[in-house]
Amino acid sequence: MPFTSNCTASAIQNAANALINGDLVAFPTETVYGLGADAANKTAVDKIYKSKGRPADHPVIVHISNINLLDKWAKEIPAYAIKLARTFWPGPMTLILPRTELAKNFITGGQSNVGIRIPNQVVGLTLLSEFEKLGGLGVAAPSANRFGAVSPTTAQAVEDELGKYLSSNDQILDGGICEVGLESTIIDCTGSQPIILRPGAITAAMIFETTHLEPVSSKKVYIKAPGLLESHYSPLAKVILDQTPEYGDGLIALSNIKTPDGVTRLASPKNNEEYAKILYQALRSADEQSIKVVHAHLPTGSDIAVAIRDRLTKASVKIS
Ligand code: TXA
Ligand code: MG
């Protein structure tokens with residue numbers, strides 16, 4: 001079992017040392033908790049794959065604390081990607097860029113590109129910068145859940161997901177609830193035009209406003225981010241979209257929608273941002289209450305609602 005520590009200076013220092021030593025540290029970001037390892041250490045990164053039960057060809061995002069480290073991992077960075085970086089980092093955005101020698105196959109799943117992100121969460125950022133002070137160059141971190149399951153947005157959720165798969169040297173840094181609640185927007189910046197591989201809090205409109213380039217978001221290119229299989233973000237419960245719940249079912253919907261008799265209300269967010277923030281906790285709480293069927297109302301709009309619809313649609317696909 002790993003141990004959970006708070007976010008005092010000494011706890012963060014200790015966690016940075018653990019990363020340098022090749023141990024795993026689950027840490028908060030503004031999107032979801034990541035399961036971190038030294039991105040230059042193959043043995044450490046292998047532990048991530050093992051504890052998540054994740055196939056080896058799925059690339060992991062490298063997290064850095066500041067833009068000075070970008071050139072270490074990525075090269076031939078197009079001008080529009082620089083604009084995105086300076087506008088939205090630190091923030092809920094991952095850029096896919098041509099990799100340097102430092103970004104080995106064990107990080108990129110054998111692809112010639114690497115995913116990079118500067119997160120915007122004070123504990124996570126401090127951890128990254130302490131790690132860098134000790135000579136580290138980047139922290140590889142997928143979401144801290146078992147492969148295909150719901151991403152954790154609290155330290156407790158990380159413990160519930162991965163506790164028994166982590167060792168006693170590994171640790172979880174408790175930085176509170178993740179503010180955004182859904183994973184970062186992934187933007188492929190390897191071509192002449194940005195391509196949205198995964199929608200998130202940085203929307204297509206925001207990308208256009210910054211780059212003056214129309215971002216493509218096609219289902220076809222989705223396969224470039226293999227973690228984004230059709231079924232993903234899936235709780236144990238069956239997720240049904242936009243139907244009427246029956247007695248004993250759970251319901252996630254905006255607060256203006258009433259709860260039918262005999263239905264367990266799992267979340268009543270007031271707006272789309274709140275919906276994103278509490279969605280994964282609501283899905284988790286369905287499983288904790290042994291609710292077998294969860295109904296979710298898809299929010300409308302072109303803001304973070306796009307990402308909510310994406311995750312809920314994937315959560316609703318069960319591949320047996
Ligand atoms: O918000 C986030 O992005 C969180 C926090 C911890 O930063 N991380 C996260 O990581 O969601 P993960 O591994 O659960 O999802 C990242 C997705 C995966 O589907 C992976 O396939 C894709 O990003 N990805 C990573 N590197 C890539 C690359 N070089 N090319 C294409 N896709 C990549
Ligand atoms: Mg994930």
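User: In this predicted model, how many aromatic pairs are there, and what makes two rings a pair?

Analyst: Rings of Phe, Tyr and Trp pair if their centres lie within 6.5 Å, and by this rule the count in the predicted model comes to zero aromatic pairs.

User: Why is the charged end of Arg146 said to sit over the ring of Tyr165?

Analyst: The charged end of Arg146 is 3.7 Å from the centre of the Tyr165 ring; because a charge sits over a ring if CZ of Arg is within 6 Å of the ring centre and within 35 degrees of the ring normal, the distance meets its cut-off, and the arrangement is listed as a charge over a ring.

User: What makes the approach of Ser184 to ligand 1 a polar contact?

Analyst: An N or O atom in the Ser184 side chain lies 2.6 Å from an oxygen atom of ligand 1, and since a polar contact is a pair of N or O atoms within 3.5 Å, the pair qualifies. Polar side-chain atoms of Arg198, at 2.8 Å, and of Arg117, at 3.0 Å, likewise lie within that limit of an oxygen atom of ligand 1. Taken alone, ligand 1 exposes 670 Å², of which the protein buries 98%.

User: Which residues come nearest to ligand 1, and which strand gives the largest share of the shell around it?

Analyst: Of the 26 residues around ligand 1, Thr31, Arg54, His63, Ser184 and Arg198 come nearest. Strand 6 gives the largest share of the shell, four residues, while strand 4 (61-63), like strand 6 (113-117), supplies at least two. By residue kind, the shell divides into twelve nonpolar, nine polar and five charged residues.

Terms used:
Residues numbered from 1 in each chain as written. Chains lettered and ligands numbered in written order. Predicted model: local features only at pLDDT ≥ 70, side-chain atom pairs only at ≥ 80, totals over all residues. Heavy atoms only, no water. Phe/Tyr/Trp six-rings, centres within 6.5 Å; stacked < 30°, edge-to-face > 60°. Near = heavy atom within 4 Å. Polar contact = N/O pair within 3.5 Å; in protein donor to acceptor, adjacent residues only side chain to side chain. Areas by Shrake-Rupley, 256 points an atom, 1.4 Å probe, with all protein chains shown as cover. Nonpolar A, V, L, I, M, F, W, Y, C, P; charged D, E, K, R; others polar.
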